[in-house]
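Here is a short, friendly tour of the model in front of you. Keep the sequence beside you as you read, and follow each topic in the viewer.

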Amino acid sequence: MATIEFRNVTRHFPGTHRAAVEHLNLPIEDGEFVVLVGPSGCGKSTSLRMLSGLELVDSGEILIDGKDISRARPSERDVAMVFQNYALYPHMTVADNMGFHLRIAKRPKSEIRQKVEIAAEKLGLTPFLDRYPRNLSGGQRQRVAMGRAIVRTPKVYLFDEPLSNLDAKLRVQMRGEIKKLQGELGTTTVYVTHDQIEAMTMADRIAVMSEGKLEQYGTPTELYDRPVNTFVAGFIGSPGMNFIEGAIDADGGHFHNDAGLRLALDGTFTPGRKVTIGIRPEHLRLAEDGFGANVDLVEPTGAEEMIVFDIPGGQATASLRERNNLRKGQKVGLTAAPGHVHVFCGENGNRLE
Ligand code: ATP
C-alpha cells in the first residue's frame, strides 16, 4: 500500500512546442483509485509513464510513500503496469505469463505456482492456465495481463487504457471487475483512459487533463456537479453539457442572449457581464412558460428520449425520461431545472460564483 504525489512535475519533449505535462500537482491517497482522463495528447500517458519510470521527469518530483522516486529505475519503484495491448508473451502459457516477474525475481517454484493459482482463481482464469494467449478471447487476455500485475503484490498498479481493445459490452463488464478487484486488494491504483464514462464509474477521484495541464481533480460527483470551467463541464457527461453564450441582465439574476432567450439564474452576477451558461441535457425540462424551442430531432433510447431542439441562438439537447411523443418541427417551451444552470466567464470559461 502506498501514497503517491506528483509535485510540480514537468516533462517537455525536445523539439515540441509545449510541455507534454506541465507543473502537475497530484496527491493520491493510500488505497485510492485515481483516473487520469482527457482527450488524446493531453499528457495522461506521459504522467503514468513518468510514475512507472518508462519516461523521464524534467523537473519536479514524484513521491511514493513520501520518497522521491522520480530518478529511480523502474525496477526499484515497486509498481506494476497493465497495458492496452496486454504485452503477453505469445510463446508462454497463461501460467508462465502470470508468473513471469516472479521467475525473473527468482522466487521459489512452489511460491510462484501458489501465487499464480490464487490470482487465477480471483480472475476466473483457473481453467485456462495451460493455454497460450492466442487461444484466449480479448477479455481473457486482459485478465491474464492483470493477473501478471497482481501476482507481484506491488505497492501501486498502473493501467494505461487497458480496456480499449475490447468490445463495448466486455468493456463494461471488465471495468466492473477491475474496480471490484482493486477494492478487494486495496492497492493504490492510477488508471489512464480517454473515456469519461470509464473515469466516472471507476474512480474515487478523477484528474481531468488538457494540453499538459491539470484542469480539475475531484470525486466524480464534484466534477459533475461543480465543474471548474467549460472544458471540464463539456468533457464530463454524455451527451455533453449544452452551452449558450450571452450576458447577465441588468437585474443580475437573469441570463439573456442576442436571439432573445432569457433564463433565471440561481445566484446574483455582475449586470452586463459576458457569460456562457451550461445546462446538462437531463436538466432541461418542458415548460409552457419557458423559452421557445423547436424540435429538430427525436432519438428514443428506450429508457429516455434524446431531443435536439433549435433554441434562440443555437441548439440544445435534452434527455427526457417521460415519453412526450414530440415530433420534428413541434414548438414547445423549455426551461432548466432550478439549481442546475452553471455560469461560466464568457472570456476565460472559468466557473463564476
Ligand atoms: P493518448 O490518449 O493519445 O495516448 P495522452 O493524453 O496519453 O494521449 P501523451 O501520450 O502523454 O498523451 O502525450 C502528450 C503529448 O506529448 C502529446 O502532444 C504527444 O504528441 C507528446 N509526446 C508523447 N511522447 C512523445 C515523445 N516520445 N516525443 C515527443 N513528443 C511526445
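**A hairpin and its parallel neighbour**

Within strand β10, Lys213 is the bridge partner of Ser210. Please bear in mind that this is a predicted model. The points below start from that pair, then turn to the ligand, a pair of helices and a second group of strands.

- Strands β9 and β10 (residues 213-218) are paired antiparallel, with 5 bridges between them.
- The two strands make a hairpin with 2 residues between them. In its turn, Glu211 has a positive phi of about 45°.
- Strand β9 (residues 205-210) also pairs with strand β3 (residues 33-37), this time in parallel, through 4 bridges.
- To find that pairing in the viewer, look for Val35, whose bridge partner in β9 is Ile206.

**The annotated domain**

- UniProt, in an unreviewed entry, places the feature "domain: ABC transporter" at residues 4-236.
- Over residues 4-236, helix makes up 36% and strand 24%. The C-alpha atoms at the two ends of this span are 25 Å apart.

**Around the ligand**

- Which residues surround the ligand? They are Phe13, Thr16, Ala20, Gly38, Ser40, Gly41, Cys42, Gly43, Lys44, Ser45, Thr46 and His194.
- Sorted by class, this shell has 8 polar, 3 nonpolar and 1 charged residues.

**Two helices side by side**

- A pair of packed helices is described by the angle between their axes and by the distance between those axes.
- For helix α5 (residues 138-150) and helix α6 (residues 168-185), the axes come within 11 Å and cross at roughly 20°.
- Angles under 35 degrees count as roughly parallel, so α5 is roughly parallel to α6.
- The crossing of α5 and α6 is right-handed.

**An open, antiparallel sheet**

- What is the order of the 4 strands in the open sheet? It runs β17-β16-β15-β18, with antiparallel pairing.
- β17 (314-320) and β18 (331-336) are the edge strands; each has a single partner strand, so one side of each has no neighbour in the sheet.
- From one strand to the next, the twist averages 50°.
- Inside this sheet, β15 (residues 284-300) and β16 (residues 305-311) run antiparallel and are joined by 6 bridges.
- One residue pair to look up here is Asn294 with Asp310, its bridge partner in β16.
- As you inspect strands, remember that side chains in a regular strand alternate between the two faces of the sheet.

Key: Residues numbered from 1 in each chain as written. Predicted model: local features only at pLDDT ≥ 70, side-chain atom pairs only at ≥ 80, totals over all residues. Pairing = 2+ DSSP bridges. Axes fitted to C-alpha atoms, helices over the stretch in contact; angles between N-to-C directions. UniProt positions renumbered as here; feature names shortened; annotations may be inferred. Near = placed C-beta within 6 Å. Nonpolar A, V, L, I, M, F, W, Y, C, P; charged D, E, K, R; others polar. Parallel < 35°, antiparallel > 145°, perpendicular 65-115°, else oblique. Left-handed = near helix turned anticlockwise from the far one by under 90°.
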